[in-house]
Amino acid sequence: MSNQIVVAIDGYSSCGKSTLAKALAKKLHFVYVDSGAMYRAVALYFLRNNIDVNNQEQIAEALKNIHLNFHSRDYETHITLNDEEVSAEIRLMPVSEAVSAVSAIKEVRTEMVAQQQRMGRSKNIVMDGRDIGTAVFPDATVKLFMTADPKIRAERRYKELQPKNPDITLEEIFENIAHRDYQDTTRKESPLVRAHDAIILDNTDLTPDEQLLFALSYIEAFL
């Protein structure tokens, strides 16, 4: 059995998965892998190149031309798409609206899961996403499943996006979150489900520090 520790964090969109994952990585000196950023980068490429998500030939050709890399500064994960820094652009609404449909494509998931598993073979990692504890690392050391009240999630997302997107509305974000929840939980390929051995973390009424302590209480036994 490997001594490697893998912390898998799954859950709904805008639940603060990346906030918790980055805090855990910093606290534990683990590597943080932002799987969601990978799917967002693929979605960005599809949007830029007008890839039809129903066209298998276009998808296969696109995946041959998508090269993703991560680099880290101060536990912030920065991602490049074909050597272009896209960390900010992948967080904008056009990508948010497209990413669930793109990430539901079998060929996309197969390629991204293979890349994620390669990243986790030799290091202690924290990875967040939709299917980390079910598909990517079903034998993860600790699995967390995050959820929160949809209205709270929308308000948090609004505060995050509004400074850079002054025309965006809370209603628009709430509708986007509801749509993404539906797509994520009903898609055919690796739908969002709680792993049977995942610990539920409902952070509706928790501060970032409180959710960090909650997660650490389950991880410390393996350190």
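Biologist: Which backbone nitrogen does the side chain of Ser87 reach?

Modeller: That of Ile79, at 3.0 Å. Bear in mind that we're looking at a predicted model.

Biologist: And what joins the side chains of Ser87 and Glu85?

Modeller: A polar contact of 2.2 Å.

Biologist: Where does Ser87 sit, and is it buried or exposed?

Modeller: Ser87 is in the loop between strand S5 (84-85) and helix H4 (93-103). Its relative accessibility is 17%, so it counts as buried, the cut-off being under 20%.

Biologist: What about Thr80, where is that one?

Modeller: Thr80 belongs to strand S4, residues 76-81. It counts as buried too, at 11% relative accessibility.

Biologist: Which residues is Thr80 in contact with, leaving aside neighbours within four places in sequence?

Modeller: His67, Leu68, Asn69, His71, Glu85 and Val86.

Biologist: OK, new topic: the nonpolar core. How many residues has the largest one?

Modeller: There are 35 residues in it, and those with the most contacts inside are Val42, Phe46, Ile66, Leu68, Val108 and Phe137. Several elements supply at least two residues each, including S1, H2, S4 and helix H5 (106-119).

Biologist: Which element gives the most to this core?

Modeller: H2, with 9 residues.

Biologist: How many residues of H2 are buried, then?

Modeller: 11 of the 14, so H2 is largely enclosed by the rest of the structure. Among the buried ones are Met38, Tyr39, Arg40, Val42 and Phe46.

Biologist: What span should H2 have at 1.5 Å a residue?

Modeller: 20 Å for residues 35-48, and the end C-alpha atoms are 20 Å apart, which agrees.

Biologist: What goes on at the start of H2?

Modeller: A side-chain oxygen of Asp34 comes to within 3.3 Å of the backbone nitrogen of Gly36. Just after H2, Asn50 takes a positive phi of about 50°.

Biologist: Back to Val108 for a second. Which residues is it in contact with, apart from neighbours within four places in sequence?

Modeller: Tyr39, Val42, Phe46, Ile59, Leu63 and Val102. There is also a second, separate core of 22 residues, which includes Tyr32, Val126, Ala148 and Leu212.

Biologist: Leu212 is in H9, right? Which residues of H9 are buried?

Modeller: Leu212 is one of them, along with Gln211, Ala215, Leu216 and Ile219. Seen down the axis of H9, the buried residues fall within an arc of 135°, so they line one face of the helix.

Biologist: What do the buried residues of H9 pack against?

Modeller: Strand S1 (6-11), helix H1 (17-28), strand S7 (142-147) and strand S8 (199-202).

Biologist: And how far does H9 reach from its first C-alpha to its last?

Modeller: 17 Å over 12 residues, close to the 16 Å expected.

Biologist: Let's switch to rings. How many aromatic pairs does a search of the whole structure find?

Modeller: It finds 2. In one, Tyr12 and Phe145 are edge-to-face, 5.8 Å centre to centre with 80° between the planes.

Biologist: What does the pair of Tyr12 and Phe145 tie together?

Modeller: Parts that are 133 residues apart in sequence, because Tyr12 lies in the loop between S1 and H1 while Phe145 lies in strand S7. Phe145 is buried at 7% relative accessible area, whereas Tyr12 is partly exposed at 23%.

Biologist: Which residues form the tilted pair?

Modeller: Phe214 and Tyr218, at 5.3 Å centre to centre and 55° between the planes. Both lie in helix H9, 4 residues apart, about one turn of the helix. Phe214 is partly exposed at 26% relative accessibility, and Tyr218 is partly exposed at 36%.

Biologist: Last thing, backbone oddities. What is the phi of Ser14?

Modeller: About 60°, so positive although Ser14 is not a glycine. Most residues other than glycine have a negative phi. Ser14 is in the loop between S1 and H1, and it is partly exposed at 21% relative accessibility.

Biologist: And where is Asn82 found?

Modeller: In the loop between S4 and S5. The phi of Asn82 is near 50°, again a positive value in a residue other than glycine. At 31% relative accessibility, Asn82 counts as partly exposed.

Key
Residues are numbered from 1 along each chain as its sequence is written. This is a predicted model: local features need pLDDT of at least 70, side-chain atom pairs count only at pLDDT 80 or more; totals for chains, interfaces and linings use all residues. Side-chain values use heavy atoms; hydrogens and water are left out. The expected span of a helix is 1.5 Å times one less than its number of residues. Buried means under 20% relative accessible area, exposed over 50%, partly exposed in between (1.4 Å probe, protein chains only). The arc is that of the directions from the helix axis to the C-beta atoms. Contact means heavy atoms within 4.5 Å. Rings of Phe, Tyr and Trp (its six-membered ring) pair if their centres lie within 6.5 Å; planes under 30 degrees apart count as stacked, over 60 as edge-to-face and the rest as tilted. A polar contact is a pair of N or O atoms within 3.5 Å; within protein, one must be able to donate a hydrogen and the other to accept it, and residues adjacent in sequence count only if both atoms are side-chain atoms. A nonpolar core is a set of buried Ala, Val, Leu, Ile, Met, Phe, Trp, Tyr and Cys residues joined through side-chain atoms within 4.5 Å.
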